[in-house]
Amino acid sequence: MIERILPSVSVSEEDFGALPADVAHLLLPEEAAHVARAVPKRQGEFATVRACARKALGRLGLDPVPLLPNRRGAPGWPAGVVGSMTHCDGYRAAVVARAADAVSIGIDAEPNGPLPEGVLEAIALPGERSRLAGLAARRPEVFWDRMLFSAKESVFKTWYPLTGQELDFSEAELEFDPDAQTFSARLLVPGPVVGGRRLDGFTGRWLADEGLVVTAIAI
């Protein structure tokens, strides 16, 4: 599914359904040690999304390696590779590309349902909130508050590998095209420099299918 909104230079793998009862065989020793004290649900998500990532890396011709998170939770990819992971109830996905073909990639998946109470106010700028009603009128099958959250997660996952810095929800303003299934993110802080040019924003694509909202950005 997610490959529909990703560029052809990338390779993706995804997994649907319930978490397997036993995930020990999906973890390399270093990864197993990292989540040894985690609750079973966390272990299952951690293991299955990394299994997706290793399948994708294998399609690039790369051998299996531990994919350990850094202090911010971002996965450490092999040299010469960029990528992103996401997981939510019933879905796990990973995408990778060679660094010669892409600078950064960010993906996120969420259930296509309303955000918990109070979350929208915490993550949305006034202009974003004002546009939600119009989006819902055009595409009522999409929970646009959840789509906004997902897209902001993809923005952060694209931003962080380029800067190594945090990006608050309020530091990027998003607009969606409900027909083209695209979105733009205008950075409200100085953007990263890529290829000698400072980026003032990102563009991405979105999808609502299989009970999920999925967003992706590739630079």
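**Figure 1. Surroundings of T48 in helix α2 of the predicted model.** Leaving aside neighbours within four places in sequence, T48 is in contact with D15, L19, P20, V23, L26 and R92. The residue is found in helix α2, and its relative accessibility of 4% means that T48 counts as buried, since the cut-off for that class is under 20%. Helix α2 itself covers residues 40-59 and is one of the elements that supply at least two residues each to the lining of the largest pocket, which is the subject of the next view.

**Figure 2. The largest pocket and its lining.** The largest pocket of the predicted model has a volume of about 740 Å³. Its lining comprises 36 residues, of which G73, A74, P75, M85 and K157 are the closest to the centre of the pocket. At least two lining residues come from each of α2 (40-59), β2 (81-88), β4 (105-111) and α5 (144-163), and among the contributors α5 gives the most, with eight residues. Sorted by class, the lining of the largest pocket holds 20 nonpolar, seven polar and nine charged residues.

**Figure 3. D108 in strand β4 and the residues it touches.** D108 lies in strand β4, an element that supplies at least two residues of the lining of the largest pocket. Because its relative accessibility is 3%, D108 counts as buried. When residues up to four places away in sequence are not counted, D108 touches T86, S150, E153, S154, K157, V213, V214 and T215. One of these partners, K157, is also among the residues closest to the centre of the largest pocket.

**Figure 4. R139 in the loop between α4 and α5.** R139 is found in the loop that joins α4 (126-138) to α5. With a relative accessible area of 19%, R139 is buried, given that the class takes in values under 20%. Residues up to four places away in sequence being set aside, R139 touches W144, P178, Q181 and W206. The C-alpha atoms of R139 and D179 are separated by 8.5 Å, although these two residues are 40 residues apart along the chain.

**Figure 5. Two residues other than glycine with positive phi, Q181 and E210.** Q181, which R139 touches, is placed in the loop between β5 (172-177) and β6 (182-187). Its phi is positive, at about 60°, although Q181 is not a glycine, and at 25% relative accessibility Q181 counts as partly exposed. E210, for its part, lies in the loop between β9 and β10 (212-218), and has a phi near 55°, again a positive value in a residue other than glycine. At 57% relative accessibility E210 counts as exposed, because that class begins over 50%.

**Figure 6. L199 in the loop between β8 and β9.** L199 is found in the loop between β8 (197-198) and β9 (201-209), where its relative accessible area of 8% means that L199 is buried. Apart from neighbours within four places in sequence, L199 is in contact with L187, G191, P192, V194 and I219. L199 and T163 are 36 residues apart in sequence, and their C-alpha atoms are 12 Å apart in space.

**Figure 7. A218 in strand β10 and its contact with P7.** A218 lies in strand β10, and its relative accessibility of 34% is the reason that A218 counts as partly exposed. Leaving aside neighbours within four places in sequence, A218 is in contact with P7, S104 and I105. A218 and P7 are 211 residues apart along the chain, yet their C-alpha atoms are separated by 7.3 Å.

**Figure 8. The whole chain as context for the close-up views.** The secondary structure of the protein comes to five helices and ten strands, and the C-alpha trace spans about 50 × 45 × 30 Å along its principal axes. A compact globule of 219 residues would have a radius of gyration near 17 Å, and the protein agrees with this because its own value is 17 Å. Of the 219 residues, 46% count as buried, while the protein exposes about 10,500 Å², of which carbon and sulfur atoms supply 52%. Among contacts with a separation of 6 or more, residues 24 or more positions apart account for 60%.

Methods. Residues are numbered from 1 along each chain as its sequence is written. This is a predicted model: local features need pLDDT of at least 70, side-chain atom pairs count only at pLDDT 80 or more; totals for chains, interfaces and linings use all residues. Side-chain values use heavy atoms; hydrogens and water are left out. On a 1 Å grid over the protein atoms alone, a cavity is a set of points where a 1.4 Å probe fits but cannot get out, and a pocket is an open set with protein on both sides within 12 Å along at least five of seven lines; lining residues have an atom within 4 Å of a point. Grid points are joined across faces, edges and corners, and a volume is the space filled by probe spheres set on the points. Helices (H or I, at least four residues) and strands (E, at least two) are DSSP runs, numbered from the N terminus. Ala, Val, Leu, Ile, Met, Phe, Trp, Tyr, Cys and Pro count as nonpolar, Asp, Glu, Lys and Arg as charged, and the others, Gly among them, as polar. The radius of gyration is taken over C-alpha atoms; the globule rule is 2.2 Å times the number of residues to the power 0.38. Buried means under 20% relative accessible area, exposed over 50%, partly exposed in between (1.4 Å probe, protein chains only). Contact means heavy atoms within 4.5 Å. Accessible areas come from the Shrake-Rupley method with a 1.4 Å probe; for residues, only the protein chains shown count as cover.
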